[in-house]
Number of protein chains: 2
Amino acid sequence: METRELRYFVAVAEELHFGRAAQRLGIAQPPLSRAVAGLERRLGTLLLERSSRGVTLTGAGAVLLREARAALDAVEAAERRTRRAALAATGHPTVVLAAKAGASGELLAKLLDAYAAEPGAVAVDVVLCGPGEQARLLHDGRADVALLHRPFDDTAGFDTEDLHTEGQVAILPAAHPLSARPHLRLAEVTDLPDLPLPRWPHPDGTFPDGPGPQVRDHTQLTQLIALGRACAVVPESGSTGLREGLTAVPVPDAPHVTTVIAWPPHSHSTAVAALVRAATDL
Amino acid sequence: METRELRYFVAVAEELHFGRAAQRLGIAQPPLSRAVAGLERRLGTLLLERSSRGVTLTGAGAVLLREARAALDAVEAAERRTRRAALAATGHPTVVLAAKAGASGELLAKLLDAYAAEPGAVAVDVVLCGPGEQARLLHDGRADVALLHRPFDDTAGFDTEDLHTEGQVAILPAAHPLSARPHLRLAEVTDLPDLPLPRWPHPDGTFPDGPGPQVRDHTQLTQLIALGRACAVVPESGSTGLREGLTAVPVPDAPHVTTVIAWPPHSHSTAVAALVRAATDL
DNA sequence: GACGGCGATACCGCCCGGGTATCGGTGCTG
DNA sequence: CAGCACCGATACCCGGGCGGTATCGCCGTC
């Protein structure tokens with residue numbers, strides 16, 4: 001199987017439409033049909049169920065979609081890591097660290113300071129990304145190391161070290177009746193009819209259905225809470241330096257959040273190893 | 001990057017010789033030279049240092065070799081898992097379990113029994129393989145789940161559950177003076193001039209250099225020890241039912257061995273999940 | 001029953017991957 | 001030191017396959 005075929009199949013499986021997929025790939029529709037048919041012939045199985053009104057995935061097709069994405073990520077990672085290795089050999093070596101925007105601010109600052117103080121430290125490019133994006137960056141080679149947050153992020157397939165565990169707090173408008181309470185139960189916060197939980201975008205940019213307002217970053221979130229249009233449950237460290245009009249109330253029965261540092265297995269980078277050591281020694 | 005190019009590069013990087021690599025690939029040497037040159041051109045870096053006497057890897061080349069192997073494994077896994085998904089949909093679904101030949105015999109038997117007793121259990125193909133081969137099988141899709149042994153096997157990149165931990169014992173000829181001792185220190189066993197540790201083959205079939213005899217399986221090992229030509233340090237469970245003339249002596253300071261069950265992250269197979277559950281409930 | 005949307009098929013041209021022949025450089029050897 | 005053997009690169013040619021356009025077959029919808 002060639003990566004071209006996998007890319008073609010993934011495009012069709014995602015669009016569920018040969019025409020749109022072909023457009024996305026920048027080719028015409030017939031070669032795309034042929035390529036997928038060839039894949040099916042060589043695998044000896046149907047991957048897509050064609051009706052005259054579009055396309056659906058078969059069971060084998062669903063498996064291949066998942067596996068092909070992983071394989072294409074691995075190929076992309078190979079290309080990117082090789083490029084970066086070549087760059088590091090001639091120019092200035094760097095490490096790319098992925099972190100969720102608006103999270104772990106203080107920990108991140110301390111980590112960068114601690115690492116920079118080490119002998120032989122190289123430049124660290126910090127990539128701030130959306131929730132759940134860190135794993136993708138690590139998988140496809142755009143990042144060398146990442147800060148993840150269990151249980152929200154999926155750490156499967158990486159080597160990790162735990163850095164820090166903390167409880168969660170509810171962020172409420174200071175004027176809200178619940179904000180005077182010493183602590184809250186999770187159930188009390190998750191279905192307040194007047195203060196729905198906001199909806200975060202999926203990695204593809206779409207939003208899940210639901211009653212809450214759509215938010216894209218931490219600023220929007222605090223603003224919406226201050227306006228009395230939403231509430232949120234966030235790790236304690238996300239409640240430092242709250243703006244006027246917001247209150248943080250502990251939620252003891254919310255799952256604890258562990259910040260972990262993660263890197264691809266078999267990473268041979270000494271810089272990543274030093275960064276991990278600096279992180280665990282914090 | 002196409003998988004063809006990666007396969008070609010890996011062949012050259014492993015052989016360090018364009019001619020032999022071409023022969024292995026079943027093509028002529030000139031197209032191979034061109035393909036690698038094209039890869040280098042597009043990556044903008046030298047991957048191989050050519051001298052008139054053979055070839056050496058550059059730093060970037062070493063990175064690409066490692067990454068390309070992982071990527072090709074992922075592509076192979078995609079193909080195999082799709083094939084198996086198609087098979088499972090029409091015929092009889094199976095799970096492939098990889099285990100080291102001659103290890104964990106009793107645990108494996110109990111696991112298979114426990115799983116077979118569960119409702120909805122599917123057929124389990126047990127693949128017995130050489131030391132360290134299980135991870136490869138899991139990576140490239142030939143196996144769905146494996147029994148590994150820490151710290152010998154590399155569990156990086158898999159989800160795992162610990163099953164069993166045990167100490168190690170030295171296997172000695174009954175006539176050897178040390179066999180009467182109640183226990184031994186590891187250092188006492190590892191450099192006995194009269195009983196060297198045997199050499200196990202690498203995954204590629206070659207043997208490391210050293211004084212000990214070459215062995216390929218457990219039978220050869222016990223035979224050599226009985227002949228007074230070698231000794232070995234193995235997990236306790238590997239010493240049950242020893243043949244006449246062999247003695248097992250505990251080695252308390254040898255690292256403990258943990259048998260773990262491992263599977264690829266993001267496995268969606270219910271059969272694998274049931275097998276893991278049966279294993280942890282043993 | 002005509003139309004429109006969608007995937008498959010037919011057919012064509014061209015690029016690229018693979019083949020043979022040969023060159024250039026280098027270390028070994030008598 | 002000349003000759004040689006070895007190894008990778010280059011030159012050149014050929015054919016298959018990939019991508020393009022045109023068209024068909026199928027079906028749901030006015």
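How many nonpolar, polar and charged residues does the surface near DNA strand C have? In this predicted model, that surface has eight nonpolar, eight polar and five charged residues. Of the 21 residues around the strand, the ones that come nearest are Ser33(A), Arg50(A), Ala28(B), Arg34(B) and Ser52(B).

The view from the DNA side may be considered next. Among the atoms of DNA strand C within 4 Å of the protein, 64% are part of sugar or phosphate, while the rest belong to bases.

Several residues of chain A can be followed to the phosphates. Ser33(A), one of the residues that come nearest to the strand, places a polar side-chain atom 2.6 Å from a phosphate oxygen of DNA strand C. In His17(A), a side-chain N or O atom is 3.2 Å from a phosphate oxygen of this strand. With Phe18(A), by contrast, it is a backbone N or O atom that lies 3.2 Å from a phosphate oxygen of DNA strand C. The elements that each give two or more residues to the surface near the strand come from both chains: helix H2 (18-25) and helix H3 (29-43) of chain A, and helix H1 (3-15) and helix H3 (29-43) of chain B.

The two protein chains also meet one another, and Glu2(A) offers an example. This residue is located in the segment before helix H1 (3-15) of chain A. Leaving aside residues up to four places away in sequence, Glu2(A) touches Glu2(B), Thr3(B), Arg4(B) and Arg7(B). With Thr3(B), the side chain of Glu2(A) makes a polar contact, side chain to side chain, at 3.0 Å.

Technical notes. Residues numbered from 1 in each chain as written. Chains lettered and ligands numbered in written order. Predicted model: local features only at pLDDT ≥ 70, side-chain atom pairs only at ≥ 80, totals over all residues. Heavy atoms only, no water. Near = heavy atom within 4 Å. Polar contact = N/O pair within 3.5 Å; in protein donor to acceptor, adjacent residues only side chain to side chain. Helix = DSSP H or I, 4+ residues; strand = E, 2+ residues; numbered from the N terminus. Nonpolar A, V, L, I, M, F, W, Y, C, P; charged D, E, K, R; others polar. Contact = heavy atoms within 4.5 Å.
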